[in-house]
Amino acid sequence: MKSSVIVFPGSNCDRDMDVALRKFGFKNQMVWHDEDSVPKSDLIVLPGGFSYGDYLRCGSIAAKSKIINSVIDFAKSGGLVLGICNGFQILTETGLLPGVLQQNKFLNFICKNVYIKINDNKNKFFKNIKKNILELHIANNEGNYYCSDDELKSIEENNQIAVTYCNKEGLENEDHNPNGAIKNIAGIFNKEKNILGMMPHPERMIDSYLSGEDGSLFFKNLLENFK
Amino acid sequence: MKIKVIITLKNGVLDPQGKAIQQTLNGMNYKNINEVRQGKFFDIEINETDENKAKSQIDEVCKKLLANLVIEDYKII
């Protein structure tokens, strides 16, 4: 399975993502933002970081970069696109995913482990995954998911809420919402569920000695779902 | 009453953010956009009926907090 990680100036989780994808068997390539097109891939990943210094709004300039048209074409033709953290912000700025990531409710940069609940497993990202609550890491200043009431209604009707913040047992409430995101949303799909954007970093949880293994579960499962 | 304040970088002060926005616009084929300078806009509600008094107070606020006069200019509107 071939994957491509898009590298923007200011991306800083691109190499972690590369390590994670390779570890679980993807043939990964790094693609610079100034390229005209993404080489043939089964999966495109927009990594975390601070693309273009977070200028104007997080992800807004990456959403107009040279490479992004090729990513949008790939996504619209049904290709699998995964955006993590800044990648999620970029996906909302391109309009591929609804809503926006606002500044965290208490104005703090949050860097900690969180639990997330998988809300839909009838899609290529989470199908057959062995657990439905994962412990992953978040590190962001703008992770507070927001959308209009109409958009929220449509997201809920189409089952587009992918993952939500919760506690270890899966309880979702205000106490386990780190940043004020509406409905505890940590990640969403597009309607067709070939695009997933989420704030938590699975690539930071692929080694039990360093962090944890729930990211390993995610990547192993993702690869299996391609077979 | 409402007072509005615009804060901009002084001429000659480097604005990397404005530059990145300008280059992005050029990349989006708006080739005739030569320069973008980014600033800040403040909408301030002040409990004061005398416009002159209000504006002179906001002038003080700009100098003390909102603007850094080493690199920024402010305009009260």
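This report describes a predicted model of two chains, A and B, beginning with chain A as a whole and ending with the contact between the chains.

## Chain A as a whole

In this predicted model, the secondary structure of chain A amounts to five helices and eleven strands. The radius of gyration of chain A is 16 Å, close to the 17 Å that the globule rule gives for 227 residues, so chain A is as compact as a globular protein of that length. Measured out along its principal axes, the C-alpha trace of chain A spans about 45 × 35 × 35 Å.

Of the 227 residues of chain A, 48% count as buried. Where contacts in chain A join residues at least 6 apart in sequence, 75% of them link residues at least 24 apart.

## The nonpolar core and strand β4 of chain A

The largest nonpolar core holds 63 residues, and those that touch the most other members are Ile6(A), Val71(A), Val81(A), Ile116(A), Ala186(A), Ile195(A) and Met198(A). For Ile195(A), when residues up to four places away in sequence are not counted, the residues touched are Ala75(A), Val81(A), Leu91(A), Leu96(A), Leu97(A), Phe189(A) and Asn190(A). Val81(A) therefore appears both among the core residues with the most contacts to other members and among the residues that Ile195(A) touches.

Val81(A) also belongs to β4(A), where Val81(A) and Gly83(A) point one way while Leu80(A), Leu82(A) and Ile84(A) point the other way, and all are buried. Because five of the five residues of strand β4 (residues 80–84) of chain A are buried, this strand is largely enclosed by the rest of the structure. Strands β3(A) and β4(A) run parallel and are joined by four bridges, and in this pairing Val45(A) stands opposite Leu82(A) of β4(A).

## Helix α1 of chain A

Helix α1 of chain A covers residues 14–23, and its buried residues are Asp14(A), Asp16(A), Met17(A), Asp18(A), Ala20(A) and Leu21(A). These buried residues of α1(A) pack against three strands and a helix of chain A, namely β1 (2–7), β2 (27–32), β3 (43–46) and α5 (214–226). Just after α1(A) comes Gly25(A), which takes a positive phi of about 105°.

## Two loop positions in chain A

Gly99(A) sits in the loop between α3 (86–94) and β5 (100–102) of chain A. With 21 other C-beta atoms within 10 Å, Gly99(A) is buried, because 20 or more such atoms are enough for a residue to count as buried. Apart from neighbours within four places in sequence, Gly99(A) is in contact with Thr92(A), Tyr145(A), Tyr146(A), Cys147(A), Glu151(A) and Ile188(A). One of these, Glu151(A), is 52 residues from Gly99(A) in sequence, yet the two are 7.4 Å apart in space, C-alpha to C-alpha.

Leu56(A) lies in the loop between β3 and α2 (68–76) of chain A, and has a positive phi of about 65° although it is not a glycine. Leu56(A) is partly exposed, with 18 other C-beta atoms within 10 Å.

## The sheet of chain B

Chain B has an open sheet of three strands in the order β2-β1-β3, with antiparallel pairing. Strands β2 (40–45) and β3 (72–76) of chain B stand at the edges, each with a single partner strand, so one side of each is left without a neighbour in the sheet. From one strand to the next, the twist averages 20°.

Strand β1 (residues 2–9) of chain B pairs with β2(B) in the antiparallel sense over six bridges, and Lys2(B) stands opposite Glu45(B) in β2(B). Helix α2 (residues 51–66) of chain B lies across β1, β2 and β3 of chain B and runs at about 35° to β1(B).

## A loop position in chain B

Asn29(B) is found in the loop between α1 (16–27) and β2 of chain B, and has a positive phi of about 80° although it is not a glycine. Asn29(B) is exposed, with 7 other C-beta atoms within 10 Å.

## The contact between the chains

Seven residues from chain A and six residues from chain B make up the contact. By class, the side of chain A that touches chain B has four nonpolar, one polar and two charged residues.

Conventions
Residues are numbered from 1 along each chain as its sequence is written. Chains are lettered from A and ligands numbered from 1 in the order in which they are written. This is a predicted model: local features need pLDDT of at least 70, side-chain atom pairs count only at pLDDT 80 or more; totals for chains, interfaces and linings use all residues. Ala, Val, Leu, Ile, Met, Phe, Trp, Tyr, Cys and Pro count as nonpolar, Asp, Glu, Lys and Arg as charged, and the others, Gly among them, as polar. A residue is buried if 20 or more other C-beta atoms lie within 10 Å of its own, exposed if 12 or fewer, and partly exposed in between; C-beta atoms are placed from the backbone. Two strands pair if DSSP finds at least two bridges between them. Axes are lines fitted to C-alpha atoms, for helices over the stretch in contact, and angles run from 0 to 180 degrees between N-to-C directions. A nonpolar core is a set of buried Ala, Val, Leu, Ile, Met, Phe, Trp, Tyr and Cys residues joined through C-beta atoms within 7 Å. The radius of gyration is taken over C-alpha atoms; the globule rule is 2.2 Å times the number of residues to the power 0.38.
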